[in-house]
Amino acid sequence: MTTPIDLPADALVAVPREALLALRAAMRRGAGDAAAAWLQAGGFAAGTAVFAAFERWSGARGVASAATLELEQFRDVAAQFFRESGWGEVTISALDGVVATVDAPDWAEAEAGAALPHPGCHYSSALLADFFGQVADAPLAALEVECRSSGGSRCRFLIGSESVLNAIYDQMATGVAYGVAVRTVAN
């Protein structure tokens with residue numbers, strides 16, 4: 001029998017996806033670019049609790065701690081956790097040995113048809129940075145490089161050190177595709 005996520009025990013609340021999307025849209029309308037920072041603040045605040053929920057949830061499945069998992073097992077268990085907690089189907093992998101990737105064709109924060117000019121899952125980016133930082137026991141950053149809200153077929157988050165992601169972002173800001181920027185940083 002599968003043990004569900006215990007929202008009260010994990011200090012989590014269930015919020016309908018539509019509410020998250022409406023809140024995000026209202027913040028963008030009312031605050032413009034400042035909304036991204038506000039959403040990121042919420043995501044960072046959530047990361048620790050979501051990781052604790054993951055640890056409790058995976059422990060109920062016989063996994064002592066994320067730190068004890070082999071990489072492939074961690075990818076599978078984390079993907080199942082994000083799916084069961086409502087975020088969507090997730091594939092976790094690596095890109096050129098430089099960054100981890102989290103790919104999701106149906107990520108909960110994304111809104112297909114929103115026609116945003118840039119990726120817009122700011123809450124999720126920060127949540128994932130904090131979550132994976134807990135796994136790595138080191139500060140990490142996340143950069144969304146593809147988003148269903150800006151016309152992509154999936155959301156893709158790059159996870160890595162702040163210095164690596166800053167180097168990738170700096171190249172992207174000059175028009176370099178993120179894949180090329182990652183390869184440049186890898187060399």
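Let's start with Glu89, which counts as partly exposed at 37% relative accessibility (buried is under 20% relative accessible area, exposed over 50%, and partly exposed in between, with a 1.4 Å probe and protein chains only). Its partner is Arg83: the two form a salt bridge whose closest N and O atoms are 3.6 Å apart. A salt bridge here is a side-chain nitrogen of Lys or Arg within 4 Å of a carboxyl oxygen of Asp or Glu. Arg83 is partly exposed too, with a relative accessible area of 37%.

A word on the ground rules. This is a predicted model, with residues numbered from 1 along each chain as its sequence is written. Local features need pLDDT of at least 70 and side-chain atom pairs count only at pLDDT 80 or more, while totals for chains, interfaces and linings use all residues, and side-chain values use heavy atoms, leaving out hydrogens and water.

The structure holds 7 salt bridges. One of them joins Arg61 and Glu84, at 3.1 Å from N to O. Arg61 sits in the loop between α2 and α3 while Glu84 belongs to helix α3, so the pair ties together parts 23 residues apart in sequence. (Helices, H or I with at least four residues, and strands, E with at least two, are DSSP runs numbered from the N terminus.) Both ends are partly exposed: Arg61 has a relative accessible area of 26% and Glu84 one of 36%.

For a buried pair, go to Asp103 and Arg156, whose side chains meet in a salt bridge at 2.6 Å, N to O. Asp103 is in strand β2 and Arg156 in strand β4, so this link ties together parts that are 53 residues apart in sequence. Asp103 has a relative accessible area of 10% and is buried; Arg156 is buried as well, at 11%. Both belong to a network of salt bridges that also takes in Glu146 and Arg154.

Now compare Arg24, in helix α1 (residues 17-31). Arg24 is buried yet has no salt bridge, and the nearest side chain of opposite charge, Glu109, is 4.0 Å away. For charge, Lys and Arg count as positive and Asp and Glu as negative, with His and the chain ends not counted. Beyond its neighbours within four places in sequence, Arg24 is in contact with several residues, including Leu39, Glu109, Leu116 and Ser149, where contact means heavy atoms within 4.5 Å.

Next, helix α4 (residues 122-136). Its 15 residues should span 21 Å at 1.5 Å a residue, and the end C-alpha atoms are indeed 21 Å apart; the expected span is 1.5 Å times one less than the number of residues. Of those 15 residues 11 are buried, so α4 is largely enclosed by the rest of the structure. Among the buried ones are Tyr123, Leu127, Asp130 and Phe131. The buried residues of α4 pack against α2, α3, β1, β2, β3 and β4. Just after the helix, Asp137 takes a positive phi of about 55°.

Finally, the largest pocket is lined by 26 residues, with Gln40, His118, Pro119, His122 and Tyr169 nearest its centre. On a 1 Å grid over the protein atoms alone, a pocket is an open set of points where a 1.4 Å probe fits, with protein on both sides within 12 Å along at least five of seven lines, and lining residues have an atom within 4 Å of a point. The largest share of the lining, 6 residues, comes from α5.
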